[in-house]
Amino acid sequence: LDIVLDDKRKLSSALQAYTLLKSASNNKESSKRVVLVDAEKEAIPSYHLSTTTTERTFLLFPSPGESVPLESVASQIDRLVLLDCKWTKPSIQFNPGLANLRKVHLTHPP
């Protein structure tokens, strides 16, 4: 799970999720699989540079006509990228590192 933080730190739920996921992990290997990328301070990884990575990396972001239900491709996912941003102003989704990723959405979001 990669969490890309592009929101005000005080409003971000990603920071709490990241901390919870890292601390709940029983071993070091699985805790390495949770990555926090602060878009304000560091570059977003170039997920699109590796074809094999791109095919199995998905962006959790609802896009009418483009995204598919998460559960329909869950078995194909090696890496899920979660955007923590204002979804009403999601300019970060057009970042070159994210733009070509296949999009998924939650069928019943909270």
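In what sense do S4 and S6 pair, and over how many bridges? Select both strands and take a look: S4 and S6 run in the parallel sense, joined over two bridges. Keep in mind as you click around that this is a predicted model.

**Stop 1: the sheet**

Stay on that pair and pick proline 69, which stands opposite histidine 105 in S6. Now add strand S3, residues 57-60, to your selection. S3 pairs with strand S6 (residues 102-105), again in the parallel sense, this time over three bridges. Here, the residue to click is phenylalanine 58; across from phenylalanine 58 you'll find arginine 102 in S6.

Zoom out and colour the whole sheet. You should see an open sheet of six strands, and reading across gives S2-S1-S5-S3-S6-S4, with parallel pairing. At the edges sit strand S2 (35-38) and strand S4 (68-69), each of which pairs on one side only. If you show side chains here, remember that in a regular strand they alternate between the two faces of the sheet.

**Stop 2: the salt bridges**

How many salt bridges does the structure hold? There are three, so let's visit them in turn, keeping in mind that side chains of opposite charge can pair when their charged atoms come close.

Start with aspartate 2 and arginine 79, whose side chains meet at 3.6 Å, N to O. This pair links distant parts of the chain: aspartate 2 is in strand S1 (residues 2-6) and arginine 79 in strand S5 (residues 79-85), 77 residues apart. Switch on a surface and compare the two ends. Aspartate 2 counts as buried, at 4% relative accessibility, whereas arginine 79 is partly exposed at 32%.

Next, select aspartate 78 and arginine 56, which form a salt bridge at 2.8 Å, N to O. Both are loop residues: aspartate 78 lies between helix H4 (70-73) and S5, and arginine 56 between helix H3 (51-55) and S3, so the bridge ties together parts that are 22 residues apart in sequence. On the surface, aspartate 78 is exposed, with a relative accessible area of 58%, while arginine 56 is partly exposed at 32%.

Finish with lysine 103 and glutamate 66, where the side chains meet in a salt bridge of 3.1 Å, N to O. Lysine 103 brings you back to strand S6, and glutamate 66 is in the loop between S3 and S4, 37 residues apart. Is lysine 103 buried or exposed? Lysine 103 counts as buried, at 6% relative accessibility, but its partner glutamate 66 is partly exposed at 46%.

Notes
Residues are numbered from 1 along each chain as its sequence is written. This is a predicted model: local features need pLDDT of at least 70, side-chain atom pairs count only at pLDDT 80 or more; totals for chains, interfaces and linings use all residues. Side-chain values use heavy atoms; hydrogens and water are left out. Two strands pair if DSSP finds at least two bridges between them. Helices (H or I, at least four residues) and strands (E, at least two) are DSSP runs, numbered from the N terminus. A salt bridge is a side-chain nitrogen of Lys or Arg within 4 Å of a carboxyl oxygen of Asp or Glu. Buried means under 20% relative accessible area, exposed over 50%, partly exposed in between (1.4 Å probe, protein chains only).
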